[in-house]
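I am opening a notebook on a structure that is new to me, and I will write down what I look up as I go. The sequence and the model come before my entries.

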Amino acid sequence: MVTKSSSISNRSLSSCDTYLASYKLIIFIIRYPLFTHDFAIFSMHRLRTTARSSKLAAFKCFNEFILIDCQPVFDFLGCKTPDSWLETACKNIPILLINHCYLEQCAARNAVIMMNRYPSKTDLLLSMSKLAREELIHFERVLKILNKREIAYKALKPSRYAGLLQAEVRKQEPDKFVDSMIVGAFIEARSCERFYHLAPLLDAELTKFYTSLLQSEARHFEDYLDLAKKYTQSDISDRIDFFREIERNAILSPDPQFRFHSGMPMSHQSAA
Ligand SMILES: [Fe+2]
Ligand SMILES: [Fe+2]
């Protein structure tokens with residue numbers, strides 16, 4: 001799902017590398033039509049400007065954009081984020097960032113809750129510990145952007161999204177474990193999908209930032225899913241299908257409130 005960036009040694013960017021980078025940009029645009037105009041312009045601008053001071057950094061940055069494949073995330077989800085949600089998000093950047101910041105904190109907290117709940121599952125402990133650390137780093141990065149933009153971080157009324165999924169988690173073990181992991185996978189996958197579609201619509205700083213989050217969020221979705229399968233003897237595809245439908249309804253049904261995971265915007269929507 002995520003192809004690792006090719007390692008670049010200490011050699012400088014040759015004309016051959018520049019040609020290769022240009023070629024990769026064209027392939028990228030063909031492969032990801034949603035990352036079209038704005039993103040391509042940003043990428044070209046980035047390559048040109050940073051190449052003067054650090055050709056290697058520019059090439060590395062370029063490679064990261066090109067080598068992230070989110071198709072497994074799209075295949076896992078039951079629907080694409082509606083265009084009307086993306087339009088609303090672009091008009092509510094402060095709320096988007098405040099809520100995003102809070103969600104990174106929640107993602108770290110959820111990982112630690114899983115560690116406390118299942119201490120005998122060593123692979124889960126290692127995976128969730130790493131995930132929690134990454135989410136807290138994301139939290140700090142969003143908080144820095146909020147501070148830079150002089151947007152006050154504050155408590156907002158939470159979205160209905162996670163609650164709708166959590167309400168369907170079965171209460172008895174080992175069912176509770178399987179459902180919790182599947183819910184975690186859907187939340188991570190939807191976050192990744194929204195970063196992907198939002199990135200080319202935002203300003204250069206947020207485009208770069210949201211693109212940089214794609215790789216880890218795509219991996220987090222697989223981490224949860226792998227754990228669900230690893231510690232379960234039975235087939236979990238029915239439960240994945242069940243939660244896919246719940247998640248799909250949460251995304252496509254009208255939602256009076258705008259949040260990072262909110263549903264279909266309504267004409268009189270509340271951002272508070
Ligand atoms: Fe994150
Ligand atoms: Fe994540």
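What percentage of the contacts in the protein with a separation of 6 or more do residues 24 or more positions apart account for? I looked this up in what is a predicted model, and found that such residues account for 72% of those contacts.

**Entry: overall layout.** I read the secondary structure as eleven helices and two strands, and along the sequence I followed the pattern α-α-α-α-α-α-α-α-α-α-α-β-β. I then looked up burial for the protein, which has 272 residues, and noted that 36% of them count as buried.

**Entry: the core.** I turned next to the largest nonpolar core, which holds 51 residues, and noted that M181, I182, A185, F186, C192, F195 and F221 touch the most other members. The elements giving two or more residues to this core are α4 (71–76), α5 (83–91), α6 (93–117), α7 (122–148), α9 (175–198) and α10 (204–230). Among the contributors, α9 gives the most, with 13 residues. I set beside this a general remark, that in soluble globular proteins nonpolar side chains tend to be buried together.

**Entry: A189.** I picked A189, which is found in helix α9, and asked myself whether A189 is buried or exposed. A189 has 26 other C-beta atoms within 10 Å, and a residue needs 20 or more to be called buried, so A189 is buried. Leaving aside its neighbours within four places in sequence, I found A189 in contact with V73, F76, L77 and F221. I also checked A189 against H220, which is 31 residues away in sequence, and the C-alpha to C-alpha distance came to 7.9 Å.

**Entry: α9 against α11.** I followed α9 to helix α11 (residues 237–252) and noted that the two axes come within 10 Å and cross at roughly 45°. That angle is neither under 35 degrees nor in the range from 65 to 115, and therefore α9 and α11 are oblique to each other. The contact is made by V178, D179, I182, V183, F186 and R190 of α9, and by R239, I240, F243 and E247 of α11. I noted as well that α9 passes α11 in a right-handed crossing.

**Entry: R239 and I182.** I looked closer at R239, whose place is in helix α11, and which counts as buried because 21 C-beta neighbours lie inside 10 Å. Not counting residues up to four places away in sequence, R239 touches V178, D179 and I182. From R239 to I182 I count 57 residues in sequence, while their C-alpha atoms are 7.8 Å apart in space. Starting from I182 instead, and leaving aside its neighbours within four places in sequence, I listed contacts with A228, I236, R239, I240 and F243.

**Entry: α7.** My last entry concerns α7, which has 27 residues and reaches 39 Å from its first C-alpha to its last, close to the 39 Å expected at 1.5 Å a residue. Within α7 I marked L124, S127, M128, L131, E135, H138, F139 and V142 as buried, and I noted that what covers the buried residues of α7 includes α6 and α10. The axes of α6 and α7 come within 8 Å and cross at roughly 160°, an angle over 145 degrees, and therefore the two helices are roughly antiparallel to each other. I recorded the crossing of α6 and α7 as left-handed. Just after α7, I found that E150 takes a positive phi of about 55°.

How values were computed:
Residues numbered from 1 in each chain as written. Chains lettered and ligands numbered in written order. Predicted model: local features only at pLDDT ≥ 70, side-chain atom pairs only at ≥ 80, totals over all residues. Core = buried A, V, L, I, M, F, W, Y, C linked by C-beta atoms within 7 Å. Buried ≥ 20, exposed ≤ 12 C-beta atoms within 10 Å, placed from the backbone. Helix = DSSP H or I, 4+ residues; strand = E, 2+ residues; numbered from the N terminus. Contact = placed C-beta atoms within 7 Å. Expected span 1.5 Å × (residues − 1). Axes fitted to C-alpha atoms, helices over the stretch in contact; angles between N-to-C directions. Left-handed = near helix turned anticlockwise from the far one by under 90°.
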